[in-house]
Amino acid sequence: MTTTKVPRRALLAAIPIVAGSLAACAASSPKNAEKKAGTFLLVHGAWAGSWCYQQVAQLLRNQGHRVFTVTLSGLAERSNLISPEINLSTHVQDVVNAVEWEELDDFVLVGHSYGGMVITAAAEQIGGKVRAIVYLDAFIPESGQALADLNGGGARAAMEKQAKATGGYIPPIPAKVFGIEERNQARIDAKCTKQPAETFLERVPVASAYTKIPKKMYLRATRFKHPAFDRIAATLRTNPAWAVQSWDVSHDMMVDVPEKTANYLMEAL
């Protein structure tokens, strides 16, 4: 048997070809395939605005995702339009309009706190376009419920009384109450604006379409003590269709821990 000796120069020349083939195989394998860039629509909570998502939105965009934020009517940079006639339906239409005018489809819908009321009601009109719905320490109403009803303990009567004294508005709650880190409290207090009371008092006619969205996630921020959120999280944990997490963070996790929040939202893709 004769052995043909391959010149060392020929072996060295072949190395880039072999390496390139191995790299191509690795890149084409499912394990190494990059996750497809997604689209997010972020809805803020009471008294806030799209400003609260600035860092999270930028982190998501840095990863190649499309991010849209909505400032609800009468709040933050839209506070010049404030009116006691603005209600929950107005804010729902804000979200529906954003989906229509931005031509969004197959996107992740995110709501924080009061924003959970908004995205739940909006899902009745846009649910078929939503690939995942994410609640960040948020309210999830049943049909016929308002935020004031979910708070319980005479909250509706207290809000109605406060609204009568203020011309139809509910002033913001100090950031400290929500357990927000001290370094961020002054900024949040400076940016929060009063909110029309009817956004808290109007009841959601129907709340069922959100349950049909393929992926559903709920995040409970335990540094903010709130029985309603505890009840929602406990109920959802018994439902295998939901992914529920609890974090030892403040209610405004998007401000206090933006990197962690952005990574969590990417789990919805």
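**A look through the predicted fold**

With a relative accessibility of 10%, Trp47 falls under the 20% cut-off and so counts as buried. Trp47 sits in the loop between S1 and H2. Its backbone is a little unusual to look at, too: phi of Trp47 is near 65°, a positive value in a residue other than glycine. Glu103 makes a handy companion case, since its phi is near 55°, again a positive value in a residue other than glycine. Glu103 belongs to the loop between helix H3 (88-101) and S3. Buried or exposed, then, for Glu103? At 69% relative accessibility Glu103 is over the 50% cut-off, so this residue counts as exposed.

Stepping back to the whole chain, it helps to keep in mind that this is a predicted model. The mean pLDDT of the chain is 90, with 87% of its residues at 70 or more. Residues 8-33 are another story, as the pLDDT there is below 50. Beyond near neighbours in sequence, that stretch has three contacts in the model. The secondary structure adds up to eleven helices and eight strands. Out of 269 residues in the chain, 49% count as buried. The accessible surface of the chain is about 13700 Å², and carbon and sulfur atoms hold 54% of that area. As for how the chain meets itself, 75% of the contacts with a separation of 6 or more are between residues 24 or more positions apart.

Now for the strands, beginning with S1 (residues 39-43). S1 runs parallel to strand S2 (residues 66-70), and five bridges join the two. Within this pairing, Val43 of S1 faces Val70 of S2. To get from S1 to S2 the chain goes by way of helix H2 (residues 54-62), in a right-handed β-α-β crossover. S1 is also joined to S3, this time by four bridges, and these two strands run parallel as well. Here Phe40 has Val108 of S3 as its bridge partner.

S3 also pairs with strand S4 (residues 130-136), in the parallel sense and over six bridges. Leu109 lies opposite Ile133 of S4 in this pairing. Between S3 and S4 the chain passes through helix H4 (residues 115-126), and this β-α-β crossover is right-handed.

How well covered is S3, which spans residues 107-112? Mostly covered: six of its six residues are buried. Phe107, Leu109 and Gly111 point to one side of the strand, while Val108, Val110 and His112 point to the other, and all of them are buried. Both Leu109, opposite Ile133, and Val108, the partner of Phe40, are thus accounted for on the two sides of S3.

That leads on to the core. In soluble globular proteins, nonpolar side chains tend to be buried together. In this model, the largest nonpolar core has 89 residues, and the ones with the most contacts inside it are Leu41, Leu109, Leu136 and Leu265. Which element gives the most to this core? That is H4, with seven residues.

Leu136 is worth a closer look. Leaving out residues up to four places away in sequence, Leu136 touches Val110, Gly111, His112 and Ser113, along with Tyr53, Leu219, Met253, Met254, Tyr264 and Leu265. Among these contacts, Val110, Gly111 and His112 are buried residues of S3, and Leu265 is itself listed with those that have the most contacts inside the core.

Terms used:
Residues numbered from 1 in each chain as written. Predicted model: local features only at pLDDT ≥ 70, side-chain atom pairs only at ≥ 80, totals over all residues. Heavy atoms only, no water. Buried < 20%, exposed > 50% of the residue type's maximum accessible area, 1.4 Å probe, protein only. Pairing = 2+ DSSP bridges. Right-handed = clockwise from strand over helix to strand, strands pointing away. Contact = heavy atoms within 4.5 Å. Areas by Shrake-Rupley, 256 points an atom, 1.4 Å probe, with all protein chains shown as cover. Core = buried A, V, L, I, M, F, W, Y, C linked by side-chain atoms within 4.5 Å. pLDDT = per-residue confidence, 0-100.
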